[in-house]
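Open the model in your viewer and keep the selection tool ready. The stops below go strand by strand, then move to a helix.

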Amino acid sequence: APALRLRQISKRYGATTALDRVDLEVYPGEVLGLVGDNGAGKSTLLQVASGAHRPTAGELCVQGRPVAFGSPRAAAAAGIHMVYQDLALVPTQDVGTNLYLGDEPLRGGPLRYLGVLDKRRMRREADQALARLGVRLGPTSRPVELLSAGQRQVVALARAAVRVMAAGHGVLLLDEPTAALGPEQSRQVRQLITRLAGQGVAVVVVTHDLPLCFAVTHRVAVLHRGRKVADLPTAETDLDA
Ligand code: ADP
Ligand code: ADP
């Protein structure tokens with residue numbers, strides 16, 4: 001079964017049709033690029049897949065099982081993880097702690113365990129996870145607020161990756177993960193996506209980054225005015241060989 005299957009998804013905002021009967025399938029280990037003009041419906045589709053938004057019509061299945069719309073919690077329990085552009089890291093905490101924390105630390109989530117959990121253990125586990133992902137961020141004892149914007153983006157992505165890997169399978173939804181990144185961080189993001197896919201994770205990545213599309217995607221779907229107008233295989237190009 002596909003890791004993620006969206007069937008006949010439509011979403012209207014009043015008179016605006018953001019999505020019009022879109023079908024999308026992503027298999028374990030597959031990376032799907034999602035491209036299109038601004039306003040084409042890419043974010044809306046990710047929001048629907050992540051459980052954040054309820055579509056006007058359609059179905060969402062994970063590993064062949066239906067998942068309720070409108071509940072990020074239900075989607076996360078089914079194995080869907082979204083990395084938002086606005087990151088949601090805790091700036092004053094170190095990298096290791098941020099990797100260990102859940103998605104909603106500021107809403108009474110795992111942050112309340114901060115005093116209880118062993119920080120050294122968190123950092124050690126974070127270091128191991130980052131090494132497996134081939135990500136280099138410097139010491140995981142550094143507070144996130146001392147990192148560059150690009151490094152923070154890599155931390156946010158690594159955090160979602162750690163969670164998906166812990167589950168052993170799942171779907172990672174990425175919204176413009178390399179927007180505003182320099183070449184070194186872009187390279188790390190590409191490598192991270194490729195390694196995750198190698199471990200069986202299904203990835204959907206909204207992007208305008210052509211090198212990323214060519215280097216890591218297996219397929220690219222094109223949205224135009226809310227409709228999927230193309231869904232094509234891509235030839236993987238090894239940029240970093
Ligand atoms: P993209 O991510 O491809 O730029 P979006 O999914 O953000 O496209 O938007 C698709 C369409 O839906 C656009 O016409 C946009 O203006 C509209 N839209 C998105 N969110 C809302 C909203 N909350 N209320 C009304 N219209 C919206
Ligand atoms: P929920 O997951 O709570 O059902 P929706 O996905 O329906 O939320 O809506 C997400 C956002 O889009 C909200 O900010 C909501 O106000 C807005 N929205 C939903 N439906 C419409 C609509 N028909 N026209 C304009 N905005 C809408």
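Select Val 31 and Val 203 together: Val 31 stands opposite Val 203 in strand E8. This is a predicted model, in which local features need pLDDT of at least 70 and side-chain atom pairs count only at pLDDT 80 or more, while totals for chains, interfaces and linings use all residues. Residues are numbered from 1 along each chain as its sequence is written, chains are lettered from A and ligands numbered from 1 in the order in which they are written, and side-chain values use heavy atoms, with hydrogens and water left out.

Widen the selection to strand E3, residues 31-35. E3 runs parallel to E8, paired over 4 bridges. (Strands pair if DSSP finds at least two bridges between them; helices, H or I, of at least four residues and strands, E, of at least two are DSSP runs, numbered from the N terminus.)

Next, take strand E7, residues 171-175. E7 also pairs with E8 in the parallel sense, over 5 bridges. Val 171 has Ala 202 as its bridge partner.

Add helix H6, residues 183-198: E7, H6 and E8 form a right-handed β-α-β unit. (Right-handed: with the strands pointing away from the viewer, the path from the first strand over the helix to the second runs clockwise.)

Now isolate E8, residues 202-206. Is it buried or exposed? 5 of its 5 residues are buried, so E8 is largely enclosed by the rest of the structure. (Buried means under 20% relative accessible area, exposed over 50%, partly exposed in between; 1.4 Å probe, protein chains only.) Ala 202, Val 204 and Val 206 cover one side, Val 203 and Val 205 the other. In a regular strand, side chains alternate between the two faces of the sheet.

Last stop: Thr 44, in helix H1, residues 42-49. Thr 44 is buried at 12% relative accessible area. Leaving aside neighbours within four places in sequence, Thr 44 contacts (heavy atoms within 4.5 Å) Lys 11, Tyr 13, Ala 18 and Leu 19.
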